[in-house]
Amino acid sequence: MGSINLNIVPYSIEIDETLNHLQSDATKGLSHAEAKSRLASFGANKISAEKNKSAWSIFFNQFKSPIVWLLIIAAGLSFYFQEWLDGVAIIIVILINAIIGFYMEFQAERSMNALKKLSAVPGKVVRNGQVQEIDSEKIVPGDIVYFEAGDMIPADGRIIKSFQVQIDESALTGESLPVEKSVNAIPIDTTLAERCNMGYKGTFSTKGNGYMVVTSSGMNTELGKIASMVHSADQSSTPLEKKLQDFSKKLIWITVGLVVIIFIAGLLDGQKFIEMLETSIALAVAAIPEGLPIVATMALAQGMLKMARFNVIVKKLSAVETLGGTNVICTDKTGTLTQNKIEVSTIVTAANNIESLELINRIAVLCNTAELQKSNGEVKEIGDPLETGLLKFALKNSIDIEKYRREFQKIKEEPFSSETKIMSTLHLNFEERTIYSKGASEELLKRCSHILDSNGIVELNNENRNHWIKKAEELAFSGLRVIAGAFKPNASEAQDLSQNLVFVGLYGMIDPPRAEVFDAIKECKTAGIKIVMITGDHPATAKNIALKLGIANNEEFKVMIGKEMHDFDMLTNEEKNNWIETSVFARVSPKQKLDLVTVFQERKNIVGMTGDGVNDAPALKKADIGIAMGLRGTQVSQEVADMVLKDDSFSSIVIAIRQGRIIFENIRKFVVFLLSCNLSELLVIATASVLNLHFQLFPLQILFINLITDVLPALALGITEGSDAVMNRPPRDINEPIIDKKKWISIFFYSTVIGAVSISAVFFSHLTVHKTELWNPELCNNILFFTLVFSQLLHVLNMSDGTSFFRSEVMRSKYVWGAIIISIIILLGLYAIEPVRTVLSIYRMSVIDWLIISGASVLSLVIIQIGKKLKIAQ
């Protein structure tokens, strides 16, 4: 064979011309030798996938945080100055954080692997004149592929023979109904969803059988082009990651600045170089919130586990919080907002009586090849979705389907075809033969000579016929798929089954919304989240669903159609504004979905994208949060998404949003808590150093304080239940930092109170209880140490936000009280162990000293609460 030409638009040219360009034979197909040669030239017919993350890459990713690097530097300095205990303790903290993060992300990766479908799909091709089944990866351009109902289409191809072929392309185009295929050439500007003479890789045949010549394979298919967009789409860093990175950078500069200032001040004051260097290390350790990586990881992991209980797999920890900040959700319609099942929503008859209703049900059951099989209490739908929808309609009307079909035996059938757009069947019941027909309303009305109205069977004139055609158009414009029903009594077997029929009425059919979606969308709108519906379906259908679900409330709203949308590079600001203001998009291509997400992100929105089809994958990856469906979702959409809904329930997103908002508020609480505790230590060390006091905290004591107060109490703050009003607030501003100006003021106030009270406790002890004694540096150090610990433990109770102190979610949290009690038990238990006391330079103290420590700690809590009442702090 000669060289083949793939630079053609196969759907726009005739079959013979297509075969000629591809150097193929419709009857014999390719020879084995030619197929082998083409496989070597064009490569395997497969979609390249992104590599799975290795366990090592997941583990090393845990060390990318700037705070972790700051801890590593502090550990290195400790080892350099032979402070072995300090260095080892810091390394242990780093490893605990890494192990927790690794475990949670590794489990999510394993869950995703369990969801993957088997990818080895066989295909039937004609080689050397014989139909044979081969691995679909070996299919090449020019191959003649045979397919029938239930087969996956293995490559892109031009249909050359079609016997009542219908193909479900919802995963690729979003079209909810199977597309009937023909062999005729169509205009070159026909959109992907309307190319009725093409079969596409990744779709599957639902009815009939046919042959096609392969025009594209592998990454050159429409599926491959989408996969290419998926690989090229940049993965956005989540807003939480960005905020923590910015916060960490600021913390590093603040720490470095303070250490340098105090180091220089000490040298100018005549302090020894080595002593000031050790003090600087202590300051660095005090400034770094060792618990922040651990607590942030655990708070997100707890949210991740809670999501798992609601059938949501979170693939990345920070994605939980990011969904809470989402202010735009772009969602696919088919199967996400709707059930992906066709149902009869309305019927219109001329007679509007029991007889016409009986006939409407009979037509639905008898002029139908589908089945509803009951098994273990469940109904399995077999056949065309439209026909199963008609059977379910009859079932709701208490029709015994099997009884009807036994009583009215089918003796002849004229199947539905693209030419007639009508299906007719002839049935025998007690020697009486009756024809039942259904089909496109305009076509069926042309075949009807009479109509059944309230006066019985009367002649159908042109005026009446046009009235019903207009009625069908009105129903179609409202978003319904409309078909007509007719019958003919006293028919004969020799007759044409679709002539001189009696018109009965119209069926209005729709892919109904999922029941739980109504409340989910309502709650999203209350939370200030914009819902954008994107579909490959008809604009009228999209509008109807949007109005039903409350996505749009004004019937005059405009649906934007794909052909009206310019490429992203050509968009004007006005066009971008129109996109932002539009809530419903129809007949949209995968590239346009990707562009839409980009436009929203350009306007500083946090975008969540839900979807289940291959066509959703690029936008899922580009979005800040990609949410794929676990049951219906294609493998590619699940791989690129950040979250997967195992039950495909849109309402699970609302649960995730609520949890995400709670987590952000909790993260903010424990960051304020950690910073105010650590800054209080900084102030104590700096004050003691600058004033040349005879007592000071040691680096290991500081690290111990941080481990006691930074982990359990902060972790308890991270997992407290949020306020019931969390979903009544608008989404956060994308630029809002974790710690805003008001929170910084609060942090400085808290830390000043805790630091001042702790130092004051030392002076109070010396000037009252120990006034006759000389200054005892060890005792002063211990009073300072324990006052600081207990003040910080009680400080967790100050983290309530805008509610009554005693009725706040923090005071009511069993986790907070458990953390305080456990921390105190650990502290007192270690105090009783002599080797631990020796390592921490702790000595036994009198009861009066303990009372001073306790009183000072409670005093710091009271002062802070007074400050909050006076609005000095939040």
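A cavity, in the sense used here, is a set of grid points where a 1.4 Å probe fits but cannot get out, and its lining residues have an atom within 4 Å of a point. With that meaning fixed, the enclosed space of this predicted model can be examined. A search of the whole structure finds five cavities of 30 Å³ or more. The largest of them has a volume of about 130 Å³. Its lining comprises 13 residues, and those nearest the centre of this cavity are Lys669, Val672, Lys743, Met799 and Ser800. Two elements, helix 23 (651-690) and helix 26 (741-768), give two or more residues to the lining of the largest cavity. Helix 23 supplies the largest share, four residues.

The chain as a whole provides the setting for these features. Its secondary structure amounts to 30 helices and 25 strands. Of its 874 residues, 56% count as buried. Among contacts between residues at least 6 apart in sequence, 73% join residues at least 24 apart.

Open space is described by the pockets. The second largest pocket holds about 1,400 Å³. It is lined by 46 residues, and Leu177, Lys421, Ala440, Arg481 and Val482 lie nearest its centre. Several helices and strands give two or more residues to the lining of this pocket; the helices are helix 13 (385-396), helix 15 (441-446), helix 16 (462-477) and helix 18 (539-549). The strands that do so are strand 5 (179-180), strand 15 (432-440), strand 18 (481-488) and strand 19 (501-510). The largest share of the lining of the second largest pocket, four residues, comes from helix 16.

A single residue, Lys201, merits separate attention. Lys201 is placed in the loop between strand 6 (198-199) and strand 7 (204-216). The residue is buried yet has no salt bridge. What is the nearest side chain of opposite charge to Lys201, and how far away is it? It is Glu137, at 7.6 Å. A salt bridge requires a side-chain nitrogen of Lys or Arg within 4 Å of a carboxyl oxygen of Asp or Glu, so the separation of 7.6 Å between Lys201 and Glu137 does not qualify. The side chain of Lys201 does, however, reach the backbone oxygen of Pro154 at 3.1 Å. Pro154 also appears among the residues that Lys201 touches, residues up to four places away in sequence being left out of the count. The others are Asn45, Ile47, Ile153, Ala155, Asp156, Thr221 and Leu223.

Definitions and conventions:
Residues are numbered from 1 along each chain as its sequence is written. This is a predicted model: local features need pLDDT of at least 70, side-chain atom pairs count only at pLDDT 80 or more; totals for chains, interfaces and linings use all residues. Side-chain values use heavy atoms; hydrogens and water are left out. Buried means under 20% relative accessible area, exposed over 50%, partly exposed in between (1.4 Å probe, protein chains only). Lys and Arg count as positive and Asp and Glu as negative; His and the chain ends are not counted. A polar contact is a pair of N or O atoms within 3.5 Å; within protein, one must be able to donate a hydrogen and the other to accept it, and residues adjacent in sequence count only if both atoms are side-chain atoms. Contact means heavy atoms within 4.5 Å. On a 1 Å grid over the protein atoms alone, a cavity is a set of points where a 1.4 Å probe fits but cannot get out, and a pocket is an open set with protein on both sides within 12 Å along at least five of seven lines; lining residues have an atom within 4 Å of a point. Grid points are joined across faces, edges and corners, and a volume is the space filled by probe spheres set on the points.
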